[in-house]
Structure formats: structure tokens, C-alpha cells
Amino acid sequence: MRAFRRLCIAVITVFLLLTAVLNIFLVEVKDNNEGIYRVEAKRIADEIAETGNYDPEKYPHITGVFTGDGLYRSDEHYLIIESDGTLYRVEYTVENGHHSIVAVNCVLCALFLLMIGLLYYIRKHIIMPFGRLNDVPQELAKGNLAVPIPEEKSRYFGKFTWGVNLLRESIEESRKKEITMQRDKKLLLLSLSHDIKTPLSAIKLNAKALAKGLYKDEEKRRATAENINTRADEIERFVSEITKAAGEDFMSFEVTQGEAFLSVIITKIDARYAPQLAMSGTEFTIRKYDDCLLTCDPECLAECLQNLIENAIKYGDGRQIEISFDKMDGCELITVSNTGCTLEAKELPQIFESFHRGNNAGKVPGNGLGLFICKRLMSLMGGEVYADIRDERFYITLVVKMA
């Protein structure tokens, strides 16, 4: 707010200074124009003295030269000159510079009032609403989801405040889901830990019995060993459940299934990545395709394509990235490929697992979730995703059902 106030003062000051300079210039021009007729009258006197006559076309500000009776009677502007002892009345026109200055100042005054009104409008409808929202992002970042967000009917900030409210609600919903998920995980781990103790105790007892040779009968020893094996299988099953809970439930995905044209999604991807890749010198090619209606969540499908292209940028050699298309069994196949693949073919089955990073990751930053997210989203949309490596080129294909 203070910065805007200083800006307003600076703008008004500059405007007033320019107005003053312009007025000084106009006054000087007016004075110069009013002095021209005197110069022309002096030149007429000299010309009459030399030739006895004068050429009126040479003197645009002189309307007439008179002598004789009634020398001083005239309603026009005039002055008296002398040439060869004869007095002449020289009538002239004077441009109304005063009126011009008044007109210019009226225009400047109107512009000044318009500028003041515009600055006031900006302050009331943009600066002040923005100032009321200034602390909201910081409070949200601190985790204060109860921070009040003032409603704004302004067409400039109405949609913004609505979006911030949606963001807050989304963060609050995500926090609730995270708390619920963490509670469920804790309960699951506690339950499984309790369940593991029973077979583990049985294993320890049976193992001690075998170690001390309590069972002389071979049949009983065999039954005891089988019991240990059975209890170990129970523990293995519990461990599998723990691994599954830890590996799959840490993220929640929401898909709103609908319909979208392929061209709309591809146009969005092209607009986002074509300029960026052109600046980096990467050849970005989108092959020809037949537009069709897809059954999908357009935002989720676009997110999947973005993840694939980001991977191509990070793990390719930067020479070429290509998007190609095909159709098969009522599905649209969208393939993103890139040159410079160094991933080993034996790693392909693991690339869609959470937090998995291939041997080609090196020092490239990442968390190993991009392809995992693609797999989950495509599955929820009723589609599929698979990868292949051919001729040091990495291919990954999204299979999307057509409507």
C-alpha cells in the first residue's frame, strides 16, 4: 500500500511538472507570435521607403496598410509606422494564443482528473483487495487453515479468492485423509504386530523343544518342524500385508471419468513443452493423428503425458522426443519416446513401482514416483501403460479407451 501511495505521488508530481513546462512553452510561443507583426511592419516600412510600394503576400500577419485622413480610426488591431516622413496605419491579425493556452489546460485538467480517478479505482478495486489477501498464503503455508479469506465481488479478485478457498479446502481435505491414513496404518501395524507375536511364540517354543531333544519320536519331530514352517508362512503373510500397506496406500488418487477429444489434450501438451524444448535444442515431434473422443479424466491423462515427457527430458540425451499414435481394439495408443536410453531391459518390470529409480538415474533429481503415478491413474481410468526399449530408444505407451 505504501509503495502504491509513493507511486501515485510520483505520477502526480511528474504530471504537474510536465504541465508547468508545457504552459511555459506555450506562453513563449504566444509572445513570439505576437511579436511577428512588428517585424513585418518594420519590413513594410523599409520596402515602401525603397520601392514606394509593398507586396502583401510577403506579410501573412498584415491585413492592410492605410494613410491619409482617418489614420487613427479603425476597429482592427493596428500600429503606426513612418516611411519617408509619411505615417501609415498598419492593420494586423493576432492569433489568440490565450484561448489556445486555456484550451490546452482544460484538456490537461480533464486528463489529470481522469488519472486521479483511475488511480483511485486501482487502489479501491485492486490494491486494497490484494492487501486484504496478502497474509493468506503465509498463513496457509504455516498450516493455519482457519485463516479468514474475505469474500471479494471484484471481477479482478472474485475468482482468485474463490480459487484460494478451493485450495484451502483441498489442503484441509488432504490433511484429513492423511490423518485418517496414518491412523489406519498405525492400527494395521499394531494389529499385525500383535498377530505376529502368536506364530512367533509358537516357533520359538517348537524350536527350543527340538533343540533340547524333547521329542524322541521321529514323527513328532517332523510334525513340530511342519508347525514351525506353517507359523513362518503366517509371519510371511503378515509381512506381505505390511509391505503392501506401506507401498500402495501412501498416496490417494481421485479420477473423474468423462470424455475428452484427443486434440484438446495434445494441443495443451504441445503448448506447454514445444517452446521449452525448442530453447534447449531438443527436437520435439508430434506425429499426425486422427482426432477421436477418449473415455478418460482429461486432467489425469494430461498429467500422465506430462510425467512421461518430464522423464524423457531428464533421462534422455536431449536430441529427440517424439509423441506417436496408433489404434488397437477400440483403444488409442499414445507413445512417448526419446533417444539416448541407458536403462537396462531387465529393469522394465520394476519401473512402475513406487520409489524405484533405474540405474540410469545417476545424479538426476527425482523420487521415483512419476511412472508409479501414471500406472495408478491409467488403471483407475480403465487404461494401461507399458514400456519398451528398442535401439537405445525408450518407448512408453498409454492405452486409453475410445468413447
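Which residue just after helix 8 takes a positive phi? The residue is G382, with a phi of about 80°. The points below place this residue within the rest of the structure, which is a predicted model.

1. **The chain as a whole.** The secondary structure comes to eight helices and ten strands. The chain has 403 residues, and 33% of them count as buried. Among contacts with a separation of 6 or more, 64% are between residues 24 or more positions apart. The chain exposes about 25,700 Å², and carbon and sulfur atoms supply 57% of that area.

2. **The largest nonpolar core.** This core holds 44 residues, and L301, I396 and L398 have the most contacts inside it. Among the elements that give two or more residues to the core are helix 6 (262-280), helix 7 (298-315) and helix 8 (370-380). Strands contribute as well, including strand 7 (320-328), strand 8 (331-339), strand 9 (384-390) and strand 10 (393-401). Helix 7 gives the most, with eight residues.

3. **The surroundings of L301.** Which residues does L301 touch, not counting those up to four places away in sequence? They are I265, L294, C296, M378, M381, L398 and V400. One of these, M378, is among the buried residues of helix 8, together with L371, F372, I373, C374 and L377.

4. **Strand 6 and its two faces.** In a regular strand, side chains alternate between the two faces of the sheet. Strand 6 has a covered face made of L294 and C296, while L293 and T295 lie on the uncovered one. L294 and C296, from the covered face, are also among the residues that L301 touches. Strand 6 pairs with strand 4 (residues 258-261) in the antiparallel sense over four bridges. In this pairing, T295 of strand 6 is the bridge partner of E259.

5. **Strand 8 and its neighbours.** How many of the nine residues of strand 8 are buried? The count is nine of nine. Both faces are covered: C331, L333, T335, S337 and T339 lie on one side, and E332, I334, V336 and N338 on the other. Strand 8 runs antiparallel to strand 7, to which eight bridges join it. With strand 10 it pairs in the antiparallel sense over nine bridges. The residue E332 illustrates both pairings: E332 is the bridge partner of K327, and E332 also stands opposite V400 in strand 10.

6. **Two aspartates with positive phi.** Strand 7 and strand 8 form a hairpin with two residues between them. D329 lies in the loop between these strands, and its phi is near 50°, a positive value in a residue other than glycine. Is D329 buried or exposed? With 75% relative accessibility, D329 counts as exposed, because the limit for that class is over 50%. D391 is found in the loop between strand 9 and strand 10, and its phi is near 55°, again a positive value in a residue other than glycine. D391 is exposed too, with a relative accessible area of 79%.

7. **An aromatic pair.** The count of aromatic pairs comes to three. In one pair, the rings of Y289 and F325 have their centres 4.7 Å apart and their planes at 45°, so the pair is tilted. Tilted pairs are those that are neither stacked, with planes under 30 degrees apart, nor edge-to-face, at over 60. The pair links distant parts of the chain: Y289 belongs to the loop between strand 5 (283-286) and strand 6, F325 belongs to strand 7, and the two are 36 residues apart. Y289 counts as partly exposed at 28% relative accessibility, whereas F325 counts as buried at 16%.

8. **A separate core and a three-stranded sheet.** Apart from the largest core lies another, of 13 residues, among them I62, V65, L79 and Y92. An open sheet of three strands has the order 1-3-2, with antiparallel pairing. Its edge strands are strand 1 (62-66) and strand 2 (78-83), each of which pairs on one side only. The twist averages 25° from one strand to the next. Strand 1 is joined to strand 3 (residues 86-92) by four bridges, and the two run antiparallel. In this pairing I62 stands opposite Y92, and both residues are among those of the 13-residue core.

Terms used. Residues numbered from 1 in each chain as written. Predicted model: local features only at pLDDT ≥ 70, side-chain atom pairs only at ≥ 80, totals over all residues. Heavy atoms only, no water. Core = buried A, V, L, I, M, F, W, Y, C linked by side-chain atoms within 4.5 Å. Buried < 20%, exposed > 50% of the residue type's maximum accessible area, 1.4 Å probe, protein only. Contact = heavy atoms within 4.5 Å. Pairing = 2+ DSSP bridges. Axes fitted to C-alpha atoms, helices over the stretch in contact; angles between N-to-C directions. Areas by Shrake-Rupley, 256 points an atom, 1.4 Å probe, with all protein chains shown as cover. Phe/Tyr/Trp six-rings, centres within 6.5 Å; stacked < 30°, edge-to-face > 60°.
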